[in-house]
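Hi,

Here is the structure I promised to pass on. Have a look at it first, and then read on for what I found in it.

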Amino acid sequence: MQDKNPGEEKTIPDSIRIHEALPRILAMISGKGRIELENFSMEIGDLEFWIPTGTTSAPSGSAMTVHQKPSALIQETFFPLEEDFVGRIHEVRLGETASGGGTRGKVLTIGGSDYPPFVSADHPAPDAPIFALDVFDMEVPLPKVLMENVKDVVSDPAEWARMNVKKYGADMITVHLMSTDPLIRDASPEAAARTVEEVLQAVDVPLIIGGCGDPRKDAQVFCKVAEVAHGERLLLNSVTLGMTETKTLDVVARAAKEYNHAVLGFTGLELNKAKELNRRLYEYLPPEDIVMDLTTVALGYGLEYSFTIHERARHAALMGDTELQQPTISASTNAWAAREAWMKMDKKYGSRGLRGPLWETINALTLLLAGVDIFMMMHPAAIRTCKDMIQTFSEKDAPVPDDIARWATMKI
């Protein structure tokens with residue numbers, strides 16, 4: 001073996017045993033930038049590898065350095081990389097006041113971001129994320145943890161909405177018109193419109209109107225509700241690519257345009273489908289009337305994939321993809337579909353009274369970091385926690401809590 005540094009050559013006899021030569025080899029190559037082996041061969045019988053773990057000693061005579069296990073976290077400062085983005089998320093206005101022909105107490109605006117969320121306090125979002133609490137137009141089975149908050153109003157959507165606003169501070173109300181489902185009650189579009197009118201009279205916040213999922217029935221319901229609530233600037237939830245097969249997508253889009261409402265385009269965890277749906281909607285509506293739902297999957301059932309889809313969509317939009325520059329919404333209530341959120345598993349997972357809200361909170365916070373603009377939620381404690389976290393994330397030079405590393409080992 002020869003060291004190829006100019007003017008220097010060292011040779012090891014061919015007959016020397018490798019374990020005897022190891023210390024000399026390590027000393028020779030220390031600090032050298034380049035080593036070449038020529039005419040080298042080695043016969044191996046039993047080969048042992050020694051991997052330092054920080055708790056064992058190096059072989060006798062070895063020049064290797066053993067690093068001890070660290071006793072504390074490495075202190076380091078993070079400086080975010082300043083980047084320039086060419087894209088910007090369209091702003092969508094929800095709700096309308098009397099000056100614009102509506103009866104809402106205020107207008108909520110979402111979108112407008114030109115930078116990834118919470119990366120830099122020097123690039124805050126124009127508007128804080130919005131939280132909507134759910135209301136159903138019929139009694140539906142709910143986990144005990146949720147039912148205990150709404151049991152007195154569950155049969156009256158208007159009172160339910162009023163409680164969500166006055167007691168729990170909801171920014172918006174989502175009215176789910178489940179009774180219109182042909183397989184449940186098959187309530188008429190006129191009955192659905194009356195329910196929406198009652199909720200509009202009970203609260204003065206903007207509304208999201210959810211259908212039953214049947215494309216033909218939803219189209220009929222959305223058109224009637226859009227007409228009755230003309231000027232209130234509702235968010236119609238939702239239109240899908242499946243509506244193109246029933247030729248109802250254009251019907252809903254035209255009704256939204258005529259009566260000045262926004263629409264929610266729903267696709268299932270596939271950005272190409274989201275882009276295609278937006279292209280179809282652009283034929284009838286301006287970008288300022290469209291919100292995207294890219295699908296929220298519960299913690300433990302694919303939440304990480306939902307995060308990836310939302311994050312990819314937001315970064316693509318900021319980098320100039322005009323077909324993805326719409327604000328987004330998350331149905332964080334899907335967390336309650338996870339059995340771990342509501343089943344009686346107290347001995348294994350802890351109290352349901354804390355576990356369920358925590359499941360919903362984690363769903364929302366995860367997608368908050370991906371840039372979601374509206375969250376549809378159900379538990380008041382989950383909303384309070386998310387709002388507190390947003391305030392913390394938005395503070396410039398916010399102090400780091402003491403002993404923050406303990407969160408991984410804390411027990412409730």
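Which backbone nitrogen does the side chain of His261 reach? The one of Leu234, at 2.9 Å. Please keep in mind that this is a predicted model.

Let me stay with His261 for a moment. This histidine sits in the loop between α7 and β7 (262-266), and at 0% relative accessibility His261 counts as buried, because the cut-off for buried is under 20%. The side chain of His261 also reaches the backbone oxygen of Tyr259, at 3.4 Å. Leaving aside residues up to four places away in sequence, His261 touches Ala226, Ala229, His230, Gly231, Glu232, Arg233, Leu234, Leu236, Ala256 and Asp289.

Ala226 leads us to helix α5 (residues 215-228), where Ala226 is one of the buried residues. The others listed as buried in α5 are Lys217, Asp218, Ala219, Val221, Phe222, Cys223 and Val225. The buried residues of α5 pack against α4 (189-202), β5 (207-210), β6 (235-239), α6 (242-245) and α7 (249-259). At the N-terminal end of α5, Asp214 acts as a cap, with a side-chain oxygen 3.2 Å from the backbone nitrogen of Arg216. The length of α5 checks out too: at 1.5 Å a residue, its 14 residues should span 20 Å, and the end C-alpha atoms are 20 Å apart, which agrees.

A few backbone details may catch your eye as you scroll through. The peptide bond from Asn237 to Ser238 is cis, with omega near 15 degrees, and Ser238 belongs to strand β6. Lys247, in the loop between α6 and α7, has a positive phi, near 60 degrees, although Lys247 is not a glycine. Leu269 also has a positive phi in a residue other than glycine, near 55 degrees; you will find Leu269 in the loop between β7 and α8 (271-282). Lys247 counts as exposed, at 66% relative accessibility, whereas Leu269 counts as buried, at 18%.

Now for the cavities. There are three of 30 Å³ or more. The largest holds about 70 Å³ of space, and its lining is made of Leu133, Asp134, Leu146, Asn149, Val150, Trp160, Asn164, Tyr168, Met378 and Pro380. The elements that give two or more residues to this lining are β3 (130-136), α2 (144-150) and α3 (157-166), and α2 has the largest share, with three residues. By class, the lining of the largest cavity has seven nonpolar, two polar and one charged residues.

The second largest cavity holds about 50 Å³. Around this second cavity you will see Met292, His310, Ala313, Arg314, Leu324, Gln326, Thr328, Ala370, Gly371 and Val372. Helix α9 (residues 303-318) gives the largest share of that lining, three residues. Five residues of the lining are nonpolar, four are polar and one is charged.

Finally, the overall picture. The protein chain has 13 helices and ten strands. Of its 412 residues, 45% are buried. Among contacts with a separation of 6 or more, 71% are between residues 24 or more positions apart.

If you want a place to begin on screen, try His261, in the loop between α7 and β7.

Best wishes

Conventions
Residues are numbered from 1 along each chain as its sequence is written. This is a predicted model: local features need pLDDT of at least 70, side-chain atom pairs count only at pLDDT 80 or more; totals for chains, interfaces and linings use all residues. Side-chain values use heavy atoms; hydrogens and water are left out. On a 1 Å grid over the protein atoms alone, a cavity is a set of points where a 1.4 Å probe fits but cannot get out, and a pocket is an open set with protein on both sides within 12 Å along at least five of seven lines; lining residues have an atom within 4 Å of a point. Grid points are joined across faces, edges and corners, and a volume is the space filled by probe spheres set on the points. Helices (H or I, at least four residues) and strands (E, at least two) are DSSP runs, numbered from the N terminus. Ala, Val, Leu, Ile, Met, Phe, Trp, Tyr, Cys and Pro count as nonpolar, Asp, Glu, Lys and Arg as charged, and the others, Gly among them, as polar. The expected span of a helix is 1.5 Å times one less than its number of residues. Buried means under 20% relative accessible area, exposed over 50%, partly exposed in between (1.4 Å probe, protein chains only). Contact means heavy atoms within 4.5 Å. A polar contact is a pair of N or O atoms within 3.5 Å; within protein, one must be able to donate a hydrogen and the other to accept it, and residues adjacent in sequence count only if both atoms are side-chain atoms.
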